[in-house]
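Welcome! Here is a short guided tour of a protein chain for someone meeting it now. Take a moment to look it over, and then read on.

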Amino acid sequence: MELTVIGCSGSFAGPHSPASCYVVSGDDAEGRTWRLVLDMGSGALGSIQRHLPLPAIDGILVSHLHPDHCIDLAGLHIAVRWDPRGWPRGPIPMYSPAGSHAYLAHPHGIGLDPGLTGSFEFHDWQEREAVEIGPFTVEAFRVVHPVPDPYAIRVVHHGPAGDTVLAYSGDSDACDALVEAARDADVFLCEAAYMEGRDDALRGIHLTGLRAGEVASRAGARRLMLTHLPIWNDPVQAEEEARRAYPGPVLMAQADHRYPIPGAGEPDRTITPARVRVDP
Ligand SMILES: [Zn+2]
Ligand SMILES: [Zn+2]
């Protein structure tokens, strides 16, 4: 399984990164590579095209309906619906919170019949109900964030060397469901939008690096990758906070980087990020 960080800027796009967007890829038994997109926040639709052609997206998983996690899907609809060369495959399967179709149709000022149904095959998340997409099993866990139906997402890749697990927090404060989503994950990709000392009065919205580390420890995650730092956060402090609470490897997500994720059965278990060549 491989994780590509398209965007990791917290809450809105930054000068060096779009808002939240990740691509998870993995091969099936026949050797075909499948690609799932986790969130497509502001700015991500442009950047993702440097990494893959849009028709290569096999499925979209949306954590919650905040613009920094999904608004560029409104733009993706145009790319699917109006490409004069045609769209070479059917609507893209999308798993997302209830109300996603109306949320994404609203900026276009269109109704829901047919709305965006020619571009996306909408499926509402059913909490903790496993969904199979190619070689992946995905599951959503309801977390704590001030928006209806916020989810953390657990992605399991069934590969030749066994299962590899990526858990993604979406946006959430600490809660038991987040621990369960991240249980024994090979990588726990976790937001750290807040900082200890500065944001102590704000609860029920986001994690700090420290709280992300505590969740990773409770979950027994094998690696923690911090993401969703807004432009005003100090990444060094976030990483130090996480290390205080979590003894395993801590990585900081970087846009335009690929992270091969070794599964439990693979001999070399280190993650060596590779910067994806980006043409000017
Ligand atoms: Zn966010
Ligand atoms: Zn949010």
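Two strands pair if DSSP finds at least two bridges between them. Please keep in mind that this is a predicted model.

**The chain as a whole**

The secondary structure of the protein chain comes to seven helices and 15 strands. Its radius of gyration is 18 Å, close to the 19 Å that the globule rule gives for 280 residues, so the chain is as compact as a globular protein of that length. The C-alpha trace spans about 55 × 45 × 40 Å along its principal axes. Among the 280 residues, 48% count as buried. Of the contacts with a separation of 6 or more, 62% are between residues 24 or more positions apart.

**An open sheet**

Eight strands make up an open sheet with mixed pairing, and their order is E6-E5-E4-E3-E2-E1-E14-E15. Strand E6 (120–124) and strand E15 (274–275) stand at the edges with a single partner strand each, so one side of each has no neighbour in the sheet. Strand E1 (residues 2–7) and strand E14 (residues 257–260) run antiparallel and are joined by four bridges. Which residue of E14 is the bridge partner of Glu2? That partner is Pro260.

In the loop between strand E13 (250–252) and E14 you will find Asp256. Its phi is near 65 degrees, a positive value in a residue other than glycine. Asp256 has 20 other C-beta atoms within 10 Å and is therefore buried.

**Strand E11 and its partners**

Now turn to strand E11 (187–191). Five of the five residues of E11 are buried, so the strand is largely enclosed by the rest of the structure. In a regular strand the side chains alternate between the two faces of the sheet. Here both faces are covered: Val187, Leu189 and Glu191 are buried on one side, and Phe188 and Cys190 on the other.

E11 runs parallel to strand E10 (residues 162–168), with three bridges joining the two. It also runs parallel to E12, this time with four bridges. One bridge partner on each side is listed here.

| Strands | Residue | Bridge partner |
|---|---|---|
| E10 and E11 | Leu166 | Val187 in E11 |
| E11 and E12 | Glu191 | Thr227 in E12 |

The largest nonpolar core has 83 residues, and those with the most contacts inside it are Leu166, Ala167, Ala182, Phe188, Leu224 and Leu226. Beyond its neighbours within four places in sequence, Phe188 is in contact with residues including Ala167, Ala182, Ala216 and Leu224.

Asp184 is found in the loop between H5 and E11. Is Asp184 buried or exposed? With 12 other C-beta atoms within 10 Å, Asp184 is exposed. Its phi is positive, about 55 degrees, although Asp184 is not a glycine.

**Helix H6 and its surroundings**

Helix H6 (residues 209–219) is mostly covered, with eight of its eleven residues buried. Those eight are Gly209, Leu210, Arg211, Ala212, Gly213, Val215, Ala216 and Ala219. What do the buried residues of H6 pack against? They pack against helix H5 (176–181), strand E11 (187–191), strand E12 (224–227) and helix H7 (235–245).

Two packed helices are described by the angle between their axes and the distance between the axes. The axes of H6 and H7 come within 7 Å and cross at roughly 35 degrees. On the H6 side, the contact involves Gly209, Leu210, Ala212, Gly213, Glu214 and Ser217, while the H7 residues include Gln237, Ala238, Glu241 and Ala245. The crossing is right-handed. Just after H6 comes Gly220, with a positive phi near 70 degrees.

**Helix H4 and the loop that follows**

Our last stop is helix H4 (residues 100–105), which holds Leu104. Leu104 counts as buried because 27 C-beta neighbours lie inside 10 Å. Leaving aside neighbours within four places in sequence, the contacts of Leu104 are Leu73, Ala74, His77 and Leu116. Leu104 and Leu73 are 31 residues apart in sequence, and their C-alpha atoms are 7.1 Å apart in space.

The loop between H4 and E6 contains Pro114. A cis peptide bond joins Asp113 and Pro114, with omega at about 5 degrees.

Technical notes: Residues are numbered from 1 along each chain as its sequence is written. Chains are lettered from A and ligands numbered from 1 in the order in which they are written. This is a predicted model: local features need pLDDT of at least 70, side-chain atom pairs count only at pLDDT 80 or more; totals for chains, interfaces and linings use all residues. The radius of gyration is taken over C-alpha atoms; the globule rule is 2.2 Å times the number of residues to the power 0.38. Two residues are in contact if their C-beta atoms, placed from the backbone, lie within 7 Å. A nonpolar core is a set of buried Ala, Val, Leu, Ile, Met, Phe, Trp, Tyr and Cys residues joined through C-beta atoms within 7 Å. Axes are lines fitted to C-alpha atoms, for helices over the stretch in contact, and angles run from 0 to 180 degrees between N-to-C directions. A crossing is left-handed if the near helix is turned anticlockwise from the far one by less than a right angle, and right-handed if clockwise.
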